Amino acid sequence: MRKILISLLGVVLLIPLGLCSRHVSWIPEETGDALWTMMVFCLWRMILVKKNLQVVLLVSLIHSFLVEFSQMVRWSWLVSFRNTFVGHMMLGQGFLWIDLLAYLIGGVIIYYMFRRIEGNTITVMNEIKARIIMMRAFLLLVGYLVVDYYFFAIFDVDALCGIFCWYALQSVEGGVVKGCFVL
């Protein structure tokens, strides 16, 4: 229950901070993207309360990256939803590579904040394994997009989601990072 309340407090604090960051001229725009991923982390923490923080970080980064890449999709109903305030806040407006870096930075910051708050102790070996998984997932994503964009010129969100879900399951359940995540 404590973890859920901490996460809920994080959401309540991060939403106004993110909205304010868009209206203050001296704050870089990417700050709002980092805060958005931090809020997504808190939401996923409320759902995955019994999971390791590394799992929550991985899920929230995949969620954030998929939302960013979905901005390349130009279906009329999706574009009209993005033109609303709620749609713009949930799904964004246009794809930018720099947003991926902001998501990564925001995710890492909130991960270490929650690790400190919740008092999780992680061995150095598990930390290294988690970083290797995150790097492999990111390289898989970049490789998929390069091949898809240059060779097929089609952006298929379902295939991208499938690849990431398969990769996450193989990494966690297949024993690639045995002992790294607690499921």
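These legends describe close-up views of a predicted model.

**View 1. Overall fold: a chain of helices.**
The predicted protein has eight helices and zero strands. Along the sequence the pattern reads α-α-α-α-α-α-α-α. Of its 183 residues, 39% count as buried. Contacts between residues at least 6 apart in sequence were also sorted by separation, and 65% of them join residues at least 24 apart.

**View 2. Helix α1 and the helices it packs against.**
Helix α1 covers residues 2-21. With 20 residues at 1.5 Å a residue, α1 should span 28 Å, and its end C-alpha atoms are indeed 28 Å apart, so the two values agree. The buried residues of α1 are I6, S7, G10, V11, L14, G18 and S21. These buried residues pack against α2 (30-47) and α6. L17 also belongs to helix α1. L17 counts as partly exposed because its relative accessibility is 47%. The C-alpha atoms of L17 and G32 lie 8.0 Å apart, with their positions 15 residues apart along the chain.

**View 3. E29 in the loop between α1 and α2.**
E29 sits in the loop that runs between α1 and α2. Its relative accessibility is 56%, above the 50% cut-off, so E29 counts as exposed. From the C-alpha atom of E29 to that of G18 the separation is 9.9 Å. The two residues are eleven apart along the chain. G18 itself is one of the buried residues of α1.

**View 4. R45, a buried arginine in helix α2.**
R45 is part of helix α2. Its relative accessibility is 0%, so R45 counts as buried. Leaving out residues up to four places away in sequence, R45 touches K3, S7, K51, N52, L53, V56, F114 and E118. Among these partners, S7 is a buried residue of α1. L53 and V56 fall within helix α3 (residues 53-70), while F114 and E118 fall within helix α6 (residues 97-118).

**View 5. The aromatic pair F65 and Y103.**
A pair of aromatic rings is described by the distance of the centres and the angle of the planes. The count for the model is six aromatic pairs. One of them joins F65 and Y103, with 6.4 Å centre to centre and 40 degrees between the planes. That pair is tilted. It links distant parts of the chain: F65 lies in helix α3, Y103 in helix α6, and they are 38 residues apart. Are the two residues buried or exposed? F65 counts as buried because its relative accessibility is 9%. Y103 is buried too, with a relative accessible area of 4%. W36 joins F65 and Y103 in one aromatic cluster.

**View 6. The aromatic pair W75 and W77.**
What sort of pair do the rings of W75 and W77 form? Their centres are 6.0 Å apart and their planes meet at 15 degrees, so the pair is stacked. The angle is under the 30 degrees that stacking requires. W75 counts as partly exposed, at 47% relative accessibility. W77 counts as exposed, at 55%.

**View 7. The largest pocket and its lining.**
Rolling a probe the size of a water molecule over the atoms shows where empty space is left. The largest pocket holds about 800 Å³ of space. It is lined by 32 residues. Nearest its centre lie R22, W36, H88, M89 and M90. Of these, W36 is also a member of the aromatic cluster with F65 and Y103. Which helices each supply at least two residues of the lining? They are α1, α2, α3, α5 (85-91) and α6. The largest share, ten residues, comes from α2. By type, the lining divides into 17 nonpolar, nine polar and six charged residues.

**View 8. H88 in helix α5.**
H88 is found in helix α5. It is one of the residues nearest the centre of the largest pocket. At 34% relative accessibility, H88 counts as partly exposed. Setting aside neighbours within four places in sequence, H88 is in contact with F81, R82 and Q93.

Note on methods
Residues are numbered from 1 along each chain as its sequence is written. This is a predicted model: local features need pLDDT of at least 70, side-chain atom pairs count only at pLDDT 80 or more; totals for chains, interfaces and linings use all residues. Side-chain values use heavy atoms; hydrogens and water are left out. Rings of Phe, Tyr and Trp (its six-membered ring) pair if their centres lie within 6.5 Å; planes under 30 degrees apart count as stacked, over 60 as edge-to-face and the rest as tilted. Helices (H or I, at least four residues) and strands (E, at least two) are DSSP runs, numbered from the N terminus. Buried means under 20% relative accessible area, exposed over 50%, partly exposed in between (1.4 Å probe, protein chains only). The expected span of a helix is 1.5 Å times one less than its number of residues. Contact means heavy atoms within 4.5 Å. On a 1 Å grid over the protein atoms alone, a cavity is a set of points where a 1.4 Å probe fits but cannot get out, and a pocket is an open set with protein on both sides within 12 Å along at least five of seven lines; lining residues have an atom within 4 Å of a point. Grid points are joined across faces, edges and corners, and a volume is the space filled by probe spheres set on the points. Ala, Val, Leu, Ile, Met, Phe, Trp, Tyr, Cys and Pro count as nonpolar, Asp, Glu, Lys and Arg as charged, and the others, Gly among them, as polar.
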